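The following exercises concern a predicted model. Each task is followed by a solution in steps.

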Amino acid sequence: KDFANVDSFYRDKSTRETVEWHDYMARVIGKLGLENIKPYIPFDLNLVREKLKTDEHLNNLRLKDWDNAANNLSYLFIRKGITIFSVSERVCVLKEAAIMLCENK
């Protein structure tokens, strides 16, 4: 959380204000680079757009595929010097990045 300027309680280290989950994910994605994350998203963005219509959290796409992609994404985290993100947190990063990419197009 340090690299996103957030403490263990999801408070901004500068302002001490609570950082909402989507804002925290946006900070993480910003540090990693949305375009750097894009190749790790395990589904075609057209499918993601379709699935977003029925589940805003993308839980209607196979978790095993997200988990496998999250394991691969760890290499990007390591290259950025980040070594403490769990698989579930990396899945959240992937899902949030996929949503951001779908909203931009």
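**Exercise 1.** Determine which backbone feature follows H1, and test whether the span of H1 agrees with its number of residues.

*Solution.* Begin at the end of the helix: just after H1, Gly-33 adopts a positive phi of about 95°. Next, take the twelve residues of H1 at 1.5 Å a residue, which should span 16 Å. The end C-alpha atoms of H1 are 17 Å apart, which agrees.

**Exercise 2.** Identify the buried residues of H1 and establish how they are arranged about its axis.

*Solution.* Apply the cut-off of under 20% relative accessible area. In H1, the buried residues are Tyr-24, Met-25, Val-28, Ile-29 and Leu-32. Viewed down the helix axis, they fall within an arc of 135°, so they line one face of H1. Finally, locate their partners: the buried residues of H1 pack against H2, H4 and H5.

**Exercise 3.** Describe the largest nonpolar core and the surroundings of Ile-37.

*Solution.* The largest nonpolar core holds 31 residues, and Leu-32, Ile-37 and Trp-66 are among those with the most contacts inside it. Two or more residues come from each of H1, H2, H3, H4 and H5; H5 gives the most, with eight. Setting aside neighbours within four places in sequence, Ile-37 contacts Ile-29, Leu-32, Leu-73, Leu-76, Val-93, Leu-94 and Ala-97.

**Exercise 4.** Assess the overall compactness of the protein.

*Solution.* The protein has five helices and zero strands. Its radius of gyration is 14 Å, close to the 13 Å from the globule rule for 105 residues, so the protein is as compact as a globular protein of that length.

Technical notes. Residues are numbered from 1 along each chain as its sequence is written. This is a predicted model: local features need pLDDT of at least 70, side-chain atom pairs count only at pLDDT 80 or more; totals for chains, interfaces and linings use all residues. Side-chain values use heavy atoms; hydrogens and water are left out. A nonpolar core is a set of buried Ala, Val, Leu, Ile, Met, Phe, Trp, Tyr and Cys residues joined through side-chain atoms within 4.5 Å. Buried means under 20% relative accessible area, exposed over 50%, partly exposed in between (1.4 Å probe, protein chains only). Helices (H or I, at least four residues) and strands (E, at least two) are DSSP runs, numbered from the N terminus. Contact means heavy atoms within 4.5 Å. The expected span of a helix is 1.5 Å times one less than its number of residues. The arc is that of the directions from the helix axis to the C-beta atoms. The radius of gyration is taken over C-alpha atoms; the globule rule is 2.2 Å times the number of residues to the power 0.38.
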